[in-house]
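Here is a quick walk through a protein chain, from its overall build down to a few single residues. Keep the viewer open as you read.

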Amino acid sequence: MLETTLAGSLPKPSWLAQSGVLWAPWNVADTALLEAKLDATRLAIAEQERCGLDIVSDGEQARQHFVHGFLVDIDGVDFARKRRIGIRNNRYEADCPTVTGPLKRRRSVHADEARAARAAATRRLKFTLPGPMTIVDTLANEHYRDKVEMAFAFASLLNEEARELQDIGVDVVQFDEPAFNVYMDEVPEWGIEALHRAAEGLTCRTAVHICYGYGIDANIQWKATLGDQWRQYERTFPYLDRSRIDQVSLECAHSRVPLELIALLKTKTVLVGAIDVATDSVETPEEVASTIRAAMKHVDAERIQPCTNCGMAPMARDIAYAKLRALAQGAAIVRKELGR
Ligand code: ZN
């Protein structure tokens, strides 16, 4: 009960990539790069287990970005043709590759690091993939009729990849869908159906992560415009609760999400964000415990997994791991109170 986990990404060692930025360039090249990525993956697993997490991840050490990392081995995505486009409903601009032809997975995208992570981990392993709606929101399209058609094409490729991850021994496949907090009307129209396509036939646990983004300036400014109460989840959780996805990862700590909204998830495992990734100030275990206790007023402890609000990729390493330690210690306090 109250098993701890993380949203997904962790900061990379500076010998692997420049620290403190998104889309950080690699500091290693050629064949040494693969070796370095796998070493960093094993290190991330060891660090998470040392912090006391129950369900660990590869930390996304082998990919440059949580969306574009999946696209590098997809035919039809042209990285030489990058366009600066507004993403997340123009919240910020990013240089995005262009889809110029039919999409096809050239090979396993993440099998190498999934195998390394599985071999290194003594605990359950989570692996993240970008969700279809978030992928098509982070790309330019010059081939498909519209973004929905393109999203379902990606969902098929994600399904191929997810099945391979499951065969490697991954226990939880999580799809990251921050776009679900932006295009709320489209979630019931096609977003959940696309997720179902991506998760089709999986027998491992499946999760969806829906957040208010990394702790970068553009997101912090956007959050300031959302008012006193962030009620985006209210629109989508009733649909997600009826979906076939097992778990929902969401943002709580220091956010203006009214906590009672998590009660809309009546049947799901709820990954409660008890660590704020937008501040370097490290939570105390007692602060984590009080976030968990607050969530327990709305969801049974049996269905709660204490988690981080979002990925930690842009943070300093020592701070990120100190936060994970606090997460595990905070959950332990509450477990003890409950006599477990
Ligand atoms: Zn997130």
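## Overall build

With 340 residues, a compact globule would come out with a radius of gyration near 20 Å, and the chain has 19 Å, so the two agree. Keep in mind that this is a predicted model. If you lay the C-alpha trace along its principal axes, it spans about 55 × 45 × 40 Å.

As for secondary structure, the chain has ten helices and ten strands. Buried residues account for 47% of the 340. Take the contacts between residues at least 6 apart in sequence, and 78% of them link residues at least 24 apart.

## The nonpolar core

In soluble globular proteins, nonpolar side chains tend to be buried together. Here, the largest nonpolar core holds 103 residues, and the ones touching the most other members are Phe154, Val170, Val272, Ala274 and Ile292. Which helix gives this core its largest share? That's helix H5 (residues 147-168), with ten residues.

Val170 is a good one to click on. Skipping its neighbours within four places in sequence, Val170 is in contact with Ala114, Arg118, Leu125, Phe127, Leu165 and Cys204.

## Two helix pairs

Two packed helices are described by the angle between their axes and the distance between the axes. Start with H5 and helix H6 (residues 186-199): they pack at about 30°, with axes 7 Å apart. An angle under 35 degrees counts as roughly parallel, and H5 and H6 are therefore roughly parallel to each other. On the H5 side, the contact uses Val148, Ala151, Phe152, Ala155, Ser156, Leu158, Asn159 and Ala162, while H6 brings Trp190, Ala194, Arg197, Ala198 and Ala199. The crossing of H5 past H6 is right-handed.

Now look at helix H9 (residues 285-296) and helix H10 (residues 317-337), whose axes are 7 Å apart at an angle of about 55°. That angle makes H9 oblique to H10. H9 also passes H10 in a right-handed crossing. From H9, the residues involved are Pro285, Glu286, Val288, Ala289, Ile292 and Arg293; they meet Ala326, Leu327, Gln329, Gly330, Ala331, Ile333 and Val334 of H10. Ile292 has also turned up among the core residues that touch the most other members.

## Pro285 up close

Pro285 sits in helix H9. Is Pro285 buried or exposed? Neither, quite: Pro285 is partly exposed, because 17 other C-beta atoms lie within 10 Å. Leaving out residues up to four places away in sequence, Pro285 touches Ala326, Gln329, Gly330 and Ile333. With Gln329, the C-alpha to C-alpha distance is 5.4 Å, although the two are 44 residues apart in sequence.

## Positive phi angles and a loop glycine

Most residues other than glycine have a negative phi. Asp30 has a positive phi, near 55°. Asp30 belongs to helix H1 (residues 30-51) and is exposed, with 7 other C-beta atoms within 10 Å. His254 also has a positive phi, near 55°. You'll find His254 in the loop between strand S8 (247-250) and strand S9 (269-275), and its 18 C-beta neighbours inside 10 Å make His254 partly exposed.

One last stop is Gly227, in the loop between helix H7 (217-224) and helix H8 (232-241). Gly227 counts as exposed, with 9 C-beta neighbours inside 10 Å. The C-alpha atoms of Gly227 and Arg256 are separated by 8.3 Å, and the two residues are 29 apart along the chain.

How values were computed. Residues numbered from 1 in each chain as written. Predicted model: local features only at pLDDT ≥ 70, side-chain atom pairs only at ≥ 80, totals over all residues. Helix = DSSP H or I, 4+ residues; strand = E, 2+ residues; numbered from the N terminus. Rg over C-alpha atoms; globule rule 2.2 N^0.38 Å. Buried ≥ 20, exposed ≤ 12 C-beta atoms within 10 Å, placed from the backbone. Contact = placed C-beta atoms within 7 Å. Core = buried A, V, L, I, M, F, W, Y, C linked by C-beta atoms within 7 Å. Axes fitted to C-alpha atoms, helices over the stretch in contact; angles between N-to-C directions. Parallel < 35°, antiparallel > 145°, perpendicular 65-115°, else oblique. Left-handed = near helix turned anticlockwise from the far one by under 90°.
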